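Biologist: I'm new to reading structures, and I'd like a close look at one part of this one. Could you walk me through how the helices pack together, and then show me where the main pocket sits?

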Amino acid sequence: MTRSAADLMRVNLLEVFSEPDPDRRAAVIAENYAEDVVWHEPDRIIRGRTDFARRATELLAENPDWVFRPAGAASGLDDIGQLGFRYGPADGEPPLVSGMDIARTRDGVIIELYTIVTEIRQPS
């Protein structure tokens, strides 16, 4: 059974960008992203599943005490999915980054991911 675009958005946030274990994260990426996935970050474009996994690991290592949380429900329409996110300290402090991931999917995998950052707050 293939996953819907909304399902894939939940996987993207909760099982990749919220997964501290690199082996588990790599397994989820291998199952849910196309080999030639393209990830559009605000300041770069990542191509291919291997580089996608590497960049996700780097991003999580930059702020090891921060977590990603959904900002509302994931939704999908045909082959497009979206899910808002918040990113910040795990200790209950307000998130410092807000944004949205939008993905194109095909045959139950993400083929292209766009990360849009809508707000960056400075820590108090």
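Modeller: Here is a walk along the helices, followed by a visit to the pocket. Keep in mind that this is a predicted model.

Let's start with helix α1, residues 5-16, and helix α2, residues 22-32. Their axes come within 10 Å and cross at roughly 165°. Any angle over 145 degrees counts as roughly antiparallel, and α1 and α2 are therefore roughly antiparallel to each other. If you look at the handedness, the crossing of α1 and α2 is left-handed. So who touches whom? On the α1 side you'll find Leu8, Val11, Glu15 and Val16, and they meet Arg24, Arg25, Val28, Ile29 and Asn32 in α2. Sorted by class, this contact has 5 nonpolar, 1 polar and 3 charged residues.

Now stay on α2 and look towards α3. These two helices pack at an angle of about 140°, with their axes 10 Å apart. That makes α2 oblique to α3. Here the crossing is right-handed. From α2, the residues Arg25, Ile29 and Ala30 meet Arg49, Phe52, Ala53, Ala56, Thr57 and Leu60 in α3. The contact of α2 with α3 divides into 6 nonpolar, 1 polar and 2 charged residues. Notice that Arg25 and Ile29 turn up in the α1 contact and again in the α3 contact.

Let's zoom in on Arg49, which is found in helix α3. Leaving aside its neighbours within four places in sequence, Arg49 is in contact with Ile29, Ala30, Tyr33, Ala34, Glu35 and Val37. For a sense of distance, try Arg121: it is 72 residues from Arg49 along the chain, and their C-alpha atoms are separated by 30 Å.

Helix α3 also leads us to the largest pocket, since α3 gives 3 residues to its lining, the largest share. About 320 Å³ of space lies in this pocket. Its lining has 19 residues, and Glu41, Pro42, Leu59, Thr115 and Val117 lie nearest the centre. At least two lining residues each come from β1 (33-41), α3 (49-62), β3 (66-70), β5 (80-89), β6 (97-106) and β7 (109-120). By class, the lining of the largest pocket divides into 11 nonpolar, 2 polar and 6 charged residues.

So if you want a route to follow on screen, go from α1 to α2, step across from α2 to α3, and then carry on from α3 into the lining of the largest pocket.

Notes
Residues numbered from 1 in each chain as written. Predicted model: local features only at pLDDT ≥ 70, side-chain atom pairs only at ≥ 80, totals over all residues. Heavy atoms only, no water. Axes fitted to C-alpha atoms, helices over the stretch in contact; angles between N-to-C directions. Helix = DSSP H or I, 4+ residues; strand = E, 2+ residues; numbered from the N terminus. Parallel < 35°, antiparallel > 145°, perpendicular 65-115°, else oblique. Left-handed = near helix turned anticlockwise from the far one by under 90°. Contact = heavy atoms within 4.5 Å. Nonpolar A, V, L, I, M, F, W, Y, C, P; charged D, E, K, R; others polar. 1 Å grid on protein atoms, 1.4 Å probe; cavity = no way out; pocket = protein on both sides within 12 Å on 5 of 7 lines; lining within 4 Å. Points joined across faces, edges and corners; volume = space filled by probe spheres on them.
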